[in-house]
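Q: Please take a close look at one part of this model, the packing of a helix pair. I would also like that part set beside other local features of the chain.

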Amino acid sequence: MCGIVGYIGTQQAAPLLLEGLTRLEHRGYDSAGVAVLGGSGLKVAKRAGRVRDLADGLPKRFGGKIGIGHTRWATHGPANDVNAHPHTDELSRVAVVHNGIIDNAAALRAELADDGLVLTSDTDTEVLAHLVARSSAKTLEQRIAEALGRVEGTYGIAVAHADFPDRLVVARNGSPLIIGVGDHEMHVASDLAALVRYTTTVAHLDDGEMATITAAGFSTYRIEATGLAATDRRAKEVDIDPEAYDAGEHDSFMHKELLEQPARAEAVLRGRLDERFGTGHLGGLNLDARELRAFRRVKVLGCGSAYYVGQMGASLLEELARIPADAEAASEFRYRNPIVEPDTLYVAVSQSGETIDTLLAVQEVQRKGGRVIGLVNVVGSAIARQVDGGIYLHSGPEVAVASTKALTNMFLAFGMLAVQLGRVRDLSIADGKRLITGLTRIPEQIDQVLATEADLALVAKRLAEAESLFFVGRVRGFPVAREGAQKFKEITYRHAEAYQTSELKHGPLALISPEVPTVAIVPDDELVERNVAALHEIAARGGPLVVVTHDSVDLGDLESLVVGRIDVPRNERELDPILLTIPLQVLAYHAALELGHDIDKPRNLAKSVTVE
Ligand code: F6R
């Protein structure tokens, strides 16, 4: 989704801004632009397409040591040169880049038009440039605060102004902004990915905060109705290896991140398992045993893959802790005026920690007095800061749009939470120990699945030929099928539909044909016989079958009909879903590779979805 960069210092800004924008490409975008402030005033270059197109078309004389840049993911108006950011006022003295959505943009545009102004773009952002330019307040900060006072909605903005050539001003409300401190220079970005090459000393702005940035440092304020009140935000060192943002010898970040899973899985489990008492050791929950025991229900909230793994997590919690649990799409939750009960534990799941739908769902729960814990990857992100406690996922930066290693660690975090919650309820110490042993085996077992990549690539090649596919599973296997279909459609652009195996005969069986393969999740569990029977119904209609299963499962005479059999290592039944998910990630990756798609930047998608 949209990305912001900014620079002020002793070097030429444009090359640094372009480099920063390249590092934000993975977030998804359709146009890009930069503005620099130099001796001859403000210069802007922007265009639809890739950052490299922007770089190729940049005028030779584009000097200036202050600048802002943006990658846009269209919301108001199509992706074209005019709608790309930065936006400026009529005299090109103010340049603004903006992430988020201004809800009252139509009214503000109409007001400006009534005043005789001809707006040049279709965007909500342009109004900000005009509002800042029209303010007669003394300082740039006051002008921006005045403009923001007129705006309803979410924003992360960076502003350069020709009349204030010693500074950039940034502000945040619902869309992340980070300041990076360099040596006689300062950087700004909406994502750490754009900063870590230059500095790991950073300050995250809070919602409602503004910052003035000069080459020598920064100062922050809270935007209040009565004016600007200074805040005491300090920069801190973040523990991030810049190499994490480099794909190295891999053809894509997705491939790199797939293979990182065993190591990252070990990282999320490290120090959090109590083998002696067969329980989890999750200090960050901020809930003691008595409080944990008092919950009567668990509701998991997340979007997309985080929602599907939330379904896996809810079923783990229900099975191990014997507490009613379900998952719901966070994007829908707050629109149905949900009943929030004090004895329900809410669990928000998010890799980025910035997904606006999930953040708003968390706030809705808290507004109604509910308690929310977070399973979040990005440290210091909006959701991480909003929740009442939680578990960091320690996946390291996830760059590819398609989530893999973060999703795996979400499952493992649910595993630990379920054991800990179970142990303060009715889970026996023996069962607790059994599951802890199971959890510790998972990294090695993921490695075993990944070692079969070459075989999986052959199956993927076959699946890539189909225009349409089914992914089916039952009970624990159904969210696995949903996640498998999600990953497949995201990066192959094939139609992949997930269904409960048991529901096929109630409708979708009509679509089964030799052209429509089915990927079936068939673990060796209490449902194996029923699962295998359903596969016969598919095979009888000529539907090609790929079966993801355990080597102990006897497919009988189906064996000769399956076009691919994928055996994954067995763990405890409750923990099997994640091991069944890993080959589906690899299948999606290899099918997309076969089809020649840009795996890390699937069309129309963004890494972190910061608009509703
Ligand atoms: C799928 C995918 C998305 C995200 C979803 C939530 O591979 O990545 O479906 O899972 O947009 O994102 P986070 O986890 O950042 O809240």
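A: The account below begins with the helix pair and then turns to aromatic rings, buried segments and backbone features. The model is predicted.

Two packed helices are described by the angle between their axes and the distance between the axes. For helix α9 (residues 305-321) and helix α16 (residues 477-492), the axes come within 8 Å and cross at roughly 165°. Because angles over 145 degrees count as roughly antiparallel, α9 is roughly antiparallel to α16. The crossing of α9 past α16 is left-handed.

The contact can be described residue by residue. From α9, the participants are S305, Y307, Y308, Q311 and M312. On the side of α16 they meet P479, V480, R482, E483, Q486 and K487. Sorted by class, the contact of α9 with α16 contains five nonpolar, three polar and three charged residues.

Two of the α9 residues named here, Y307 and Y308, also bring the aromatic rings into view. Four aromatic pairs are found in a search of the whole structure. One of them is formed by Y307 and Y308, with 5.4 Å from centre to centre and 35° between the planes, and this pair is tilted. Y307 and Y308 are both buried.

A further pair joins F470 and Y499, whose ring centres lie 6.2 Å apart; the planes stand at 70°, so the arrangement is edge-to-face. This pair links distant parts of the chain, with F470 in strand β23 (residues 468-473) and Y499 in strand β24 (residues 495-500), 29 residues apart. F470 has a relative accessibility of 3% and therefore counts as buried. Y499, in turn, has a relative accessible area of 24% and is partly exposed.

Burial is also a feature of helix α5 (residues 140-149). Seven of its 10 residues are buried, so α5 is largely enclosed by the rest of the structure. The buried residues in α5 are L140, E141, R143, I144, A145, A147 and L148. Their cover includes helix α4 (126-134) together with the strands β7 (155-161), β8 (168-173), β12 (209-214), β13 (217-224) and β14 (227-231).

A single buried histidine may be considered next. H590 belongs to helix α18 (residues 576-595), and its relative accessible area of 14% places H590 among buried residues. When neighbours within four places in sequence are left aside, H590 is in contact with E453, A457 and A460.

The backbone features remain. Most residues other than glycine have a negative phi, and most peptide bonds are trans. The peptide bond from H85 to P86 is cis, with omega near 0°. P86 is located in the loop between β4 (66-72) and β5 (87-88).

R322 is not a glycine, but its phi is positive, near 50°. This residue is found in the loop between α9 and β19 (325-329), which returns the account to the helix that packs on α16. R322 is exposed, with a relative accessible area of 59%.

H394, likewise not a glycine, has a positive phi of about 50°. H394 lies in the loop between β22 (389-392) and α13 (405-423) and is partly exposed, with a relative accessible area of 36%.

Note on methods:
Residues numbered from 1 in each chain as written. Predicted model: local features only at pLDDT ≥ 70, side-chain atom pairs only at ≥ 80, totals over all residues. Heavy atoms only, no water. Phe/Tyr/Trp six-rings, centres within 6.5 Å; stacked < 30°, edge-to-face > 60°. Buried < 20%, exposed > 50% of the residue type's maximum accessible area, 1.4 Å probe, protein only. Helix = DSSP H or I, 4+ residues; strand = E, 2+ residues; numbered from the N terminus. Axes fitted to C-alpha atoms, helices over the stretch in contact; angles between N-to-C directions. Parallel < 35°, antiparallel > 145°, perpendicular 65-115°, else oblique. Left-handed = near helix turned anticlockwise from the far one by under 90°. Contact = heavy atoms within 4.5 Å. Nonpolar A, V, L, I, M, F, W, Y, C, P; charged D, E, K, R; others polar.
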